[in-house]
Amino acid sequence: MASFKNKRRDEIATASLLAQLKSSEVNENHHPGRETWQCAFAPDESYFAWSCGNRLVTLVPWNRCKSTLPHLSEVLARLVLPKPGTRASTDDTDDEGRKLLHKTITINCGSLVRSVAFGSTISDKKHLSSRAFWTHFSVSKDLVLATGLNNGRIRTWDIFTGNLILELMDHKSVVTHVAFAPNGSLVLASVSQDTTIKFWDLNDDGNMFKTLKMNGKAVYSCAWSPDSQIITTVGMCTSVYVWDTSTFILKLRLTGHKHHVVACEFSPDSCLIATASWDTQVFLWDAHTGKKLRCFGHLFPPPRLIYASGANGTWIRGLSFSPDGSHIATVADDGYMRFWDILSEDDPVAVGTVEEALCCTYSPSGRVLAVGTREGKVSFWQAAMSVKPLLYLCRLVIRRQTPPETVENLLIPKRLTNYLLYRELE
């Protein structure tokens with residue numbers, strides 16, 4: 001069995017490791033409870049949230065790091081990460097002793113943290129934006145952090161003080177993933193091993209206003225489309241469920257994977273869905289027709305159907321779509337982090353070595369990929385990037401504003417229509 005389709009490992013570019021974060025409690029031996037199940041960047045890149053194990057989440061002021069990428073290791077090394085038992089660090093001054101608005105904060109969430117997400121009251125669609133307010137709980141900031149916990153609860157936090165805002169209680173088992181709607185509404189979606197998908201309105205005291213079920217089995221992950229019109233859920237089955245968020249009716253059920261589907265994400269124009277499965281494959285789908293467009297394999301030859309549902313040493317653990325929509329990053333049990341160009345499914349364009357990786361996420365700028373591991377560490381990698389032609393950039397802009405049925409009726413050459421509908425991927 002091989003990890004790459006046509007090339008040897010030494011024939012593929014090696015991704016550049018920029019820096020690594022680890023808490024003072026992490027050692028080289030894995031102990032349950034120290035995993036970094038998820039990490040997240042704030043939409044404005046002001047903070048990076050790191051689930052560093054032992055019930056802790058550390059908020060790193062990414063605004064102090066993103067402008068010094070060539071020296072990222074030195075910048076991060078100056079950030080003091082507190083030991084368990086303390087809530088906030090005193091690292092609130094710069095090198096000249098001036099007071100900083102953003103500082104490193106570590107929050108004890110009270111239970112093992114399985115998921116983290118930032119919610120913002122600011123949206124790219126300004127007419128959808130609303131400022132956060134609660135009848136009984138008030139916070140005057142534009143950013144909120146949500147943590148999904150092992151005990152089935154969700155806690156939301158003021159990221160500037162580390163204070164608890166709301167505790168949401170309705171799930172009966174581990175909250176495996178949380179995600180805020182990107183439109184600034186502070187609607188939170190959560191999925192759980194209790195087989196449910198729940199929707200909460202943080203502008204209404206955290207009211208839980210809708211519950212969905214996929215197939216009566218554990219749900220692992222969910223993803224909002226950037227336009228917030230649909231949400232995708234995946235879990236302990238081989239299908240991908242796509243829901244209309246205005247009616248909460250199932251829009252599409254995508255089939256093709258041969259093992260549990262563990263991660264999903266949308267392209268920035270809401271047109272494509274990427275899904276990752278333990279069957280060692282990532283599929284790229286048309287979000288509106290449900291047609292499978294690409295398959296990015298991580299094991300060759302791929303497991304046959306009779307073996308696909310078993311352990312294969314290459315289970316894919318996480319994926320992330322680049323903010324420009326041109327690349328997908330994945331991490332898998334074979335110890336590789338891969339960058340894929342969506343136009344080529346043969347081999348990744350760059351590879352890095354990360355043992356025991358569990359999750360990955362792009363920074364909003366697309367310049368950095370963060371990868372979390374079972375040892376409670378996070379490594380930062382220089383993301384694979386390329387200069388895209390004007391035609392590609394125009395497609396992103398047009399498709400953000402134009403539904404597929406309207407594209408079909410545009411008075412433009414058929415070739416351009418096919419390009420706008422991503423038919424070159426078929």
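Is W278 buried or exposed? In this predicted model, W278 has a relative accessibility of 13% and therefore counts as buried, since the limit for a buried residue is under 20% relative accessible area. The paragraphs below start from the chain as a whole and come back to this tryptophan among the aromatic pairs.

The chain has 426 residues, of which 58% are buried. Its secondary structure consists of 29 strands and five helices. Among the contacts in the chain with a separation of 6 or more, 53% are made by residues 24 or more positions apart.

One part of this architecture is an open sheet of four strands, arranged in the order β19-β20-β21-β22 with antiparallel pairing. Strands β19 (261-266) and β22 form the edges, each pairing on one side only. On average, and with direction ignored, neighbouring strands of this sheet are turned by 20° against each other. Between β21 and β22, which run antiparallel, there are five bridges. Across from K292 in β22 stands W285.

Two backbone features may be read alongside this sheet. The loop between β19 and β20 contains S270, a residue other than glycine whose phi is nevertheless positive, near 70°. With a relative accessible area of 5%, S270 is buried. The loop between β22 and α2 contains P301, and the peptide bond leading from F300 to P301 is cis, with omega near -10°.

The sheet also leads to the nonpolar interior. In soluble globular proteins, nonpolar side chains tend to be buried together. Here the largest nonpolar core comprises 21 residues, and L272, L284, L319, F321 and I328 are those with the most contacts inside it. Two or more residues of this core come from each of β20, β21, β22 (292-297), β23, β24 (327-332) and α3 (390-401). What does L284 touch, leaving aside its neighbours within four places in sequence? Its contacts include L272, F321 and I328, together with I273, A274, L293, F296, I342 and L425. K291, K292 and R294 are also in contact with L284.

Aromatic rings provide a further set of links, and the structure holds 17 aromatic pairs. One of them joins F199 and W224, whose ring centres are 5.9 Å apart and whose planes stand at 80°, an edge-to-face arrangement. This pair connects distant parts of the chain, as F199 belongs to strand β13 (residues 196-201) and W224 to strand β15 (residues 219-224), 25 residues apart. Both F199 and W224 are buried.

The pair formed by W278 and W315 has another geometry. Its ring centres lie 4.1 Å apart and its planes meet at 5°, so the pair is stacked; the reasoning rests on the cut-off for stacking, which is planes under 30 degrees apart. Here too distant parts of the chain are linked: W278 is in the loop between β20 (272-277) and β21 (281-286), whereas W315 is in the loop between α2 (305-308) and β23 (316-321), 37 residues apart. The buried tryptophan of the opening question, W278, is thus a loop residue with a relative accessibility of 13%.

Elsewhere, ring pairs join F41, F48, W62 and F380 into a cluster. One member of this cluster, F41, is also a contact of T361, which touches C39, A40, S320, V368, L369 and A370 as well, not counting residues up to four places away in sequence. T361 lies in strand β27 (residues 357-362). Its relative accessibility is 17%, so T361 counts as buried.

Rings also meet charged side chains. R114 lies over the face of W37, 3.9 Å from the ring centre. The charged end of R395 is placed over the ring of Y422, at 3.9 Å from its centre. What is the phi of Y422, which is not a glycine? The phi of Y422 is positive, at about 60°. Y422 belongs to the segment after α5 (414-420), and its relative accessible area of 3% makes it buried. At Y422, then, a positive phi, a buried position and an arginine over the ring are found together.

Technical notes:
Residues numbered from 1 in each chain as written. Heavy atoms only, no water. Buried < 20%, exposed > 50% of the residue type's maximum accessible area, 1.4 Å probe, protein only. Contact = heavy atoms within 4.5 Å. Phe/Tyr/Trp six-rings, centres within 6.5 Å; stacked < 30°, edge-to-face > 60°. Lys NZ or Arg CZ within 6 Å of the ring centre and 35° of its normal. Core = buried A, V, L, I, M, F, W, Y, C linked by side-chain atoms within 4.5 Å. Pairing = 2+ DSSP bridges. Axes fitted to C-alpha atoms, helices over the stretch in contact; angles between N-to-C directions.
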